[in-house]
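Subject: Model for your files, with notes

Dear colleague,

I am handing over the structure that we spoke about, and my notes on it follow directly below. Please read them with the coordinates open beside you.

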Amino acid sequence: MADGNHLYLVDGSSYIFRAYHRLPPLTNRHGQPAGAVYGYTAMLWKLADSLHKADGPTHMAVILDASEHTFRNEMYDQYKAQRPPPPEDLVPQFPLIRTATRAFSIPCIEEKGLEADDIIACYVTAAKAAGWKVTIVSSDKDLMQLIDDGAEGGPAVDMLDTMNDRRMDRAYVEAKFGVGPELVGDVLALMGDSVDNVPGVPGIGPKTASKLIIEHGSLEAVLASAESIKQPKLRQNLIDHADNARLSRKLVELVCDANLPEPLEDLALKGIPPEPLKAFLEDQGFKTMLSRLTGGAPAAGRSSSGGGLDLAAASIATKPAAPPEPKAITVDRSKYETVTDEVALDRWIDDARTLGLVAVDTETDCIDCVIARLAGISLAVAPNRACYIPVGHSGADLLSEAPDQLPMALVLEKLKPLFEDPAVLKIGHNFKYDWVMFDKAGIDVAPVDDTMIMSFDLEAGLHGHGMDELAKLHFDHECIPFKQLCGTGKSQITFDKVPLEDATEYAAEDADITLRLWQRLKPRIASETVTRVYERVDRPLVATIGRMERRGIKVDRDYLAGLSKDFSEEIARLEERIYMAACGPFTIGSPQQLGEVLYGRLGLKGGRKGKSGQYSTDVNELERLAGEGVECARLVLDWRQLTKLKNTYTDALQAQINPETRRVHTSFSLSGAQTGRLSSNEPNLQNIPIRTEVGRKIRDAFVAEPGNVLMSADYSQIELRLAAHMADVPQLKQAFRDGADIHSMTAEELFGSSDRDNRNKAKTVNFAILYGISSWGLAGRLGIGRDEGKAIIDRYFERFPGIRLYIEQTLQFARENGFTRTLFGRKTHFPNIRASNPSFRAGAERAAVNAPIQGTSADLIKRAMARMDGALAAADLDGVKMLLQVHDELVFEVPEGREEEAAKVVRDVMGSAAEPSLKLDVPLDVEVGWGEHWGAAH
DNA sequence: GACCTCACG
DNA sequence: GACGTACGTGAGGTCG
């Protein structure tokens, strides 16, 4: 029902100027100019205040000017031409307007080529059509054209100036201009506007303009009867400048039929979550509003109970973030189109260009994008308006002919300008895959949005981010399962063999759903304050990681084969000895059988484990037995290590070598790890052995191309450094600044000595802190009693009180909000933080303590990665290739002779990754090494 | 597919 | 005092 809906449209751009001129040059906590931001924030606060009052907003948006250049400049090149540049201390405040708006969880809308006034006009038109009341928060006279008293049965449109609480309606307009809103444009055209450089007619000001329009009824009527005007000067001016008057009329005309950047319904106000607002007010140091928000003393003139301000109450109502409520949609697959001729293709491309955005999905014959061949491309421009362009389909079998389709080269040639057009946003789901497919075709797709990453940045920890799962979650819609088209197992066919009708339904649906997900998620990126992490950290990695995956890394197959052979011989020898020691053969790899052998047949004593009632045979147990002199346990440990290395690394890695590139191409997942880390799969190159001597040999198999070396650069102790900064521990921060051995220093603080034993103990304690400590856990690790473990932790907290405070505050925040944030704003959700099961809850608490630290570390290296290719190119080091990321390490292939230069750039980029967003209290040390293989680069 | 084990940061 | 025995991953094995 439209009944009762009331949309508030805030003219943000004009507000900021007024606030700037009205308020003294205040500065915020960081010493930056913030007077205008303060005034703007106060205005939003006032509006938020009216949220629950009669006639208050049910929907709201802030509208901003996106760009200087608009269609009005096309019409008249002098438009706004002599407007002076904004004052120097206002410029840095512009971006903060968006930050402030997001802090209130109010959508912020801007659109290239349109002025804020036009966007407002479009929303007013749409809202009126929907039967909604509208209030424009502005005092711009141009916007007065939109005022409507609803006399003709439609909803009313009025304006509000929060600076003097003035409501402007039709009567106000008539008093001001002498005419109704419908003729305001005509008056303005005659008057002109010196600020916007709208010419108007010389010698005509507001009074004369208004008088002329009242007399003649319209601008055209005034111009038509110009000859008969008595005053000679006025008559001559009207005749001489009639064209200027007509041009001015067009300039003041508001566009009201453009597409809405965000649908009306998405502007619904669902209350204002206090958490982001609090963070913003704190950051800016706006203390009065902060104290009002947190329930402190109300500002003068306000009663804490009487006001409509519900922000404090909202903080009580805050519940841990939950998955979104599904919104019903209708997917009509019969509307999808199969594009097999040029005319149709051109039409789709035109539509995408006009709209300025398009959802894109590729279908291929293989899950590995490095070798996959394109089968087809789907596009979507609006819900249910999607198409599939087959380009690589063949017949279902050798006997059948390939279906009719456009040549791949032609389609790619036509799509290239669209996909590279900076004015058209390309939206994908897991776009890295598609980005690589197009990169292979010589198309550098940009700009992009990725709905998988958007979902991850909004709701990590709440659910997965695959398209099928999100379709179900957001729209209660079941996508066609891939299996249904291609089958499974042996009878599975590749996508290029799927008949076009079926392929179209499946592929176009993917693009369609992607577009709808984008419409739903995009506004939340800003309103839930994950813009920085999305735009500056995660989204840039689509292309960066796409390039890394395409490059792959070279491995020495012969060397691996040699290792495999050595390992199998040793494994065979071990097996014989194990059978001897165990009095007969059994399946060593079966923990169940091994348990029976050790604790049954050999009669050793040990503990049961878990629900399955099975003996535990993990390293800890076997080490214990081996320490007690059980030879069989020692042998099994060796056997396990070698079979692991052989199966997981030496054998598997050889099989992973891409026959075309002769290199190994891992796939990095951008949404795999809840904390924001990357993960690597097929093969996982983030867990190549290094800790043991035998395992380390596998690193030597990773080599550089002839004429190159492998370079490794890793952050030293990054998580401890971040913990020192985030928990604000002076001794730890100083130790890092001094380049001291942090574990020895901790040992000195805790035990008064840093001999080897104490240093090791301190090291364990340091890690325990990062992982969310428990006295039991620490005691278990150190092999000491619970009480002793507790004593050490107490001592740690006593020496480093900031750590205890950090843990308490992090947990409190997580309990209140259901998530934690990194220094860059990345959210990780912990639905179990309030679980009634103490074990679940404790697990969530440990993870919540760790997530901001691990996640900030992940943010940092991602920021470094996003900047790396550009920094290398700028230093004329295009030959240096970033190949791998292993959480705190980056691996490069570097032309021989360029090592020192490359090391410098890499060290600089990694070391300054926090800047300019953050200033860390600890240095980020980067250790760089190189050699002919990975093993030698450390 | 669940479970165990183990490779990495 | 119970809870469980550190955070985050991916992969290969056995077993049902």
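Strand β1 (residues 6-11) and strand β4 (residues 133-137) run parallel and are paired through five bridges, where strands count as paired if DSSP finds at least two bridges between them, and where helices (H or I, at least four residues) and strands (E, at least two) are DSSP runs numbered from the N terminus. Within this pair, Tyr8 has Thr135 of β4 opposite it.

Before going further, please note that this is a predicted model, in which local features need pLDDT of at least 70 and side-chain atom pairs count only at pLDDT 80 or more, while totals for chains, interfaces and linings use all residues. Residues are numbered from 1 along each chain as its sequence is written, chains are lettered from A and ligands numbered from 1 in the order in which they are written, and side-chain values use heavy atoms, with hydrogens and water left out.

**Domains and sheets**

Chain A is divided into domain 1 (6-172 + 256-265), domain 2 (333-528), domain 3 (554-662) and domain 4 (718-837), with bounds that come from an automatic or database domain assignment. Between the C-alpha centres of domain 2 and domain 3 the distance is 45 Å.

The strands β1 and β4 belong to an open sheet of six strands with mixed pairing, in the order β3-β2-β1-β4-β5-β6. Because β3 (108-109) and β6 (166-168) are the edge strands and have a single partner strand each, one side of each has no neighbour in the sheet.

Another open sheet of six strands, also with mixed pairing, follows the order β7-β10-β9-β8-β11-β12, and its edges are formed by β7 (337-338) and β12 (448-450), each of which pairs on one side only. Inside that sheet, β9 (residues 374-382) and β10 (residues 385-390) run antiparallel and are joined by six bridges, with Arg385 in β10 as the bridge partner of Ala382. Helix α16 (residues 408-419) lies across β8 (357-364), β9, β10 and β11 (425-428), at about 40 degrees to β9; contact here means heavy atoms within 4.5 Å, and axes are lines fitted to C-alpha atoms, for helices over the stretch in contact, with angles running from 0 to 180 degrees between N-to-C directions.

**DNA strand B**

There are 20 residues around DNA strand B, and Thr617, Lys644, Ile690, Arg691 and Asp888 come nearest, a residue being near a molecule or strand if one of its heavy atoms lies within 4 Å of it. By class, this surface has seven nonpolar, seven polar and six charged residues, where Ala, Val, Leu, Ile, Met, Phe, Trp, Tyr, Cys and Pro count as nonpolar, Asp, Glu, Lys and Arg as charged, and the others, Gly among them, as polar. Helix α27 (residues 631-655) supplies the largest share of it, three residues.

Of the atoms of DNA strand B within 4 Å of the protein, 75% belong to sugar or phosphate and the rest to bases. Among the polar contacts (pairs of N or O atoms within 3.5 Å; within protein, one must be able to donate a hydrogen and the other to accept it, and residues adjacent in sequence count only if both atoms are side-chain atoms), a backbone N or O atom of Ile690 is 2.6 Å from a phosphate oxygen of DNA strand B, and a backbone N or O atom of Arg691 is likewise 2.6 Å from a phosphate oxygen of that strand. A base nitrogen of DNA strand B, in turn, lies 3.0 Å from an N or O atom in the side chain of Asn687.

**DNA strand C**

Around DNA strand C there are 29 residues, of which Gln674, Glu682, Ala768, Trp776 and Arg846 come nearest, and 66% of the atoms of this strand that come within 4 Å of the protein are sugar and phosphate. The surface has six nonpolar, 18 polar and five charged residues, and α36 (838-874) gives the most to it, with six residues. A polar side-chain atom of Trp776 is 2.8 Å from a base nitrogen of DNA strand C, whereas a polar backbone atom of Gln674 lies 3.1 Å from a phosphate oxygen.

**Backbone geometry**

A cis peptide bond, with omega of about -10 degrees, joins Ala446 and Pro447, and Pro447 is in the loop between α17 (431-440) and β12.

With regards
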